[in-house]
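Open the model in your viewer and keep the selection tool at hand. The stops below go in order.

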Amino acid sequence: MQRCWSSKRQAFVQHEDDDVLDAAVLMMPLVKFISPTDPKWLSTLDALTEGLVSDSLVYRYDPEASPDGLRGQEGTFSICSFWYVEALVRAGRVEEARLAFEKMLTYANHLGLYAEEISRSGDQQGNFPQAFTHLSLISAAFNLDRALG
């Protein structure tokens with residue numbers, strides 16, 4: 001709570017004593033590490049939205065700020081995009097969550113399956129099908145449906 005909080009970013013970050021954003025922190029309210037309405041979490045959600053979200057799709061991290069040594073261009077991570085939907089729902093931003101969820105649904109293939117990542121051109125890339133992504137889809141759908149009544 002202290003060493004992974006960046007006063008500069010006003011957000012929880014990738015690792016201790018750093019300022020690099022990482023969408024893995026979207027799990028924090030989902031596993032009840034922090035309240036989804038805690039001011040620090042809401043500030044983190046805003047920072048992630050500004051820094052890692054592109055038209056509702058979520059990059060895991062910025063490879064320029066945190067080089068991973070992998071070749072090729074990084075796509076958005078499907079699991080992170082569904083975590084983002086659920087984090088928005090739990091933060092009370094239900095309409096934003098609905099829109100992000102509906103956009104994400106358009107990236108499934110003809111069978112409703114997702115790859116690990118979505119490229120800048122909208123193509124699926126990486127591991128396919130990605131089981132963890134489908135679990136996050138189910139959780140996001142369940143929680144969004146519950147919030148919409």
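This tour visits a pair of helices and then the cysteines.

The model is predicted, so local features need pLDDT of at least 70 and side-chain atom pairs pLDDT 80 or more, while totals for chains, interfaces and linings use all residues. Residues are numbered from 1 along each chain as its sequence is written, and side-chain values use heavy atoms, without hydrogens or water.

**Stop 1: two helices.** Select residues 94-105, helix α4, and residues 131-148, helix α5. Helices here are DSSP runs (H or I, at least four residues), numbered from the N terminus. Their axes, lines fitted to C-alpha atoms over the stretch in contact, lie 11 Å apart at an angle of about 140 degrees, on a scale from 0 to 180 degrees between N-to-C directions. The two are therefore oblique, a label for angles that are not under 35 degrees (roughly parallel), over 145 (roughly antiparallel) or 65 to 115 (roughly perpendicular).

**Stop 2: their contact.** Show side chains, taking contact as heavy atoms within 4.5 Å. On α4, pick Val 94, Glu 95, Ala 97, Arg 98, Phe 101 and Leu 105; on α5, pick Leu 137, Ala 140, Ala 141, Leu 144, Ala 147 and Leu 148.

**Stop 3: the cysteines.** How many disulfides are there? The count is zero, with a disulfide taken as a pair of cysteine sulfur atoms within 2.5 Å. Select Cys 80: its sulfur is 17 Å from the closest cysteine sulfur, in Cys 4, too far for a bond. Cys 80 is buried (under 20% relative accessible area, 1.4 Å probe, protein chains only), at 1%. Cys 4 is partly exposed (between that limit and exposed, over 50%), at 26%.
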